[in-house]
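Okay, thanks for having me. Let's walk through two pockets and a couple of helix pairs, cut-offs included.

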Amino acid sequence: MHRVSAQKLDQLRTRTSEKWTTYPPDVLPLFVAESDFPLAEPIASALRAAIDRSDTGYIGDDGGAAANAFAGFAERRWGWHVDPDRVSTTTDVSVVIVEALRALIRPGDGVVITPPVYPPFFELIPEAGGRVVEAPLARAGDGGYTLDLDAIDRALASGARAVLLCNPHNPLGLVHSRESLAALSEVVERHGAVVVSDEIHAPLTHSDASFTPYTTVSDAARDHTIAAHAASKAFNLAGLKCAMFVTASDRMTRLIKGLPAEVKERTSLFGRIATTAAFDRGDEWLDDVIASIEDNRRRLGSLLAERMPAVGYREPRASYLTWLDFTSVGWGADPAAVALERARVALNSGPAFGREGAGFVRLNIGCSAQVLTEAVDRLAHAAG
């Protein structure tokens, strides 16, 4: 299979995004969830065409093009039949989460999250008027992680009214099983609660895993869920600002259609153009990128086994983000700070993902083999 290759460092350092402007040039940035792959040509072509026709005005009616593109992608990739009439766009997944929660909960209601988890979850819930309730992931028998259904059950029994699900789970690259999600839907339904399912990493599910959209696991899940989707992580479009509310029931569709018009109108026109092209014509590029990521996930395991065997690592099954256990290296609760100071490698701080992240880092493998190898070399040298 052809591999889409990450760009070289001299090219990457001409980018003006967060990944390439936060730190000085002597730092290898393997932190924020941006990938180093070149833009997919169908997306680039669509954006060039928009520029050529000076199509840079306010967002207008696209005749359902973006919603139909996503529905087609969902059917091809996951066998998920999405009704395009139940898809609506907005700025980004964070806005989907906040606006969905505002529609679903009352001020002060508890919203369950499952740390270690995407750090903005801790902020988005209060922004929506809710209160964070933690039900940390449980350690599975094989050393991995799984949803702690008993903890979620207790949180909902104690008054929490919603679950903010990360599916697939960031930072672990954990693809929740259909069985686990179906069991979650039973717990949620028993307490009359609701779910907002952040599924932004779903398009990056690896070839040896199977993504399950949460709304497909039961009739209850269809009725009590608003899902958040976007092309931004898979196709590196975060700066173009377009994400989607996806619903599967009349009840949830009414809530989304009842949101203020500005929620939809804040979608970026370029973001919607890029998203439509990505979901319509980006499959081949995406398959090649996933293959490159899978190469790197294996490469990282080999490099760590050879040069830093004290670091705990489980290969992810989705996305290009990896979760590394540095507790045996002796770099304290926040090893990312030590990595930056001693190795000049920028990683995400584990404690930002919750208390369970102490001693851990998140490392981005959406890069070239050369950059990944150099990063591990630097870390190993710093660790002595």
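**Pockets first, then helices**

So, the second largest pocket comes out at about 470 Å³. The 26 residues lining that pocket include Val87, Ser88, Thr89, Lys257 and Lys264, which are the closest to its centre. Quick ground rules: this is a predicted model, with local features needing pLDDT of at least 70 and side-chain atom pairs counting only at pLDDT 80 or more, while totals for chains, interfaces and linings use all residues. Numbering runs from 1 along each chain as its sequence is written, and side-chain values use heavy atoms, leaving out hydrogens and water.

For the pocket people: on a 1 Å grid over the protein atoms alone, a pocket is an open set of points where a 1.4 Å probe fits, with protein on both sides within 12 Å along at least five of seven lines, and lining residues have an atom within 4 Å of a point. Volume is the space filled by probe spheres set on the points, with grid points joined across faces, edges and corners.

Which helix gives the most to that second lining? Helix 12 does, with four residues. Helix 12 spans 261–265, and helix 4, strand 2 (87–90) and helix 11 (250–257) also supply at least two residues each. Helices here are DSSP runs of H or I, at least four residues, and strands are E runs of at least two, numbered from the N terminus. By class, the lining has 11 nonpolar, seven polar and eight charged residues; nonpolar is Ala, Val, Leu, Ile, Met, Phe, Trp, Tyr, Cys and Pro, charged is Asp, Glu, Lys and Arg, and the others, Gly among them, are polar.

The largest pocket is about 1,000 Å³. Of its 41 lining residues, Ala33, Glu34, Leu237, Ala238 and Gly239 sit closest to the centre. The split there is 23 nonpolar, 10 polar and eight charged.

Back to helix 4, residues 65–78: helix 4 packs on helix 14 (283–307) at about 45°, axes 12 Å apart. Axes are lines fitted to C-alpha atoms over the stretch in contact, and angles run from 0 to 180 degrees between N-to-C directions. That angle makes the pair oblique; under 35 degrees is roughly parallel, over 145 roughly antiparallel, 65 to 115 roughly perpendicular, and the rest oblique.

Helix 14 also packs against helix 16 (369–383), at about 25° with axes 10 Å apart. So helix 14 is roughly parallel to helix 16. Among the residues meeting there are Leu300 and Leu303 in helix 14 and Leu372 and Val376 in helix 16, with contact meaning heavy atoms within 4.5 Å.
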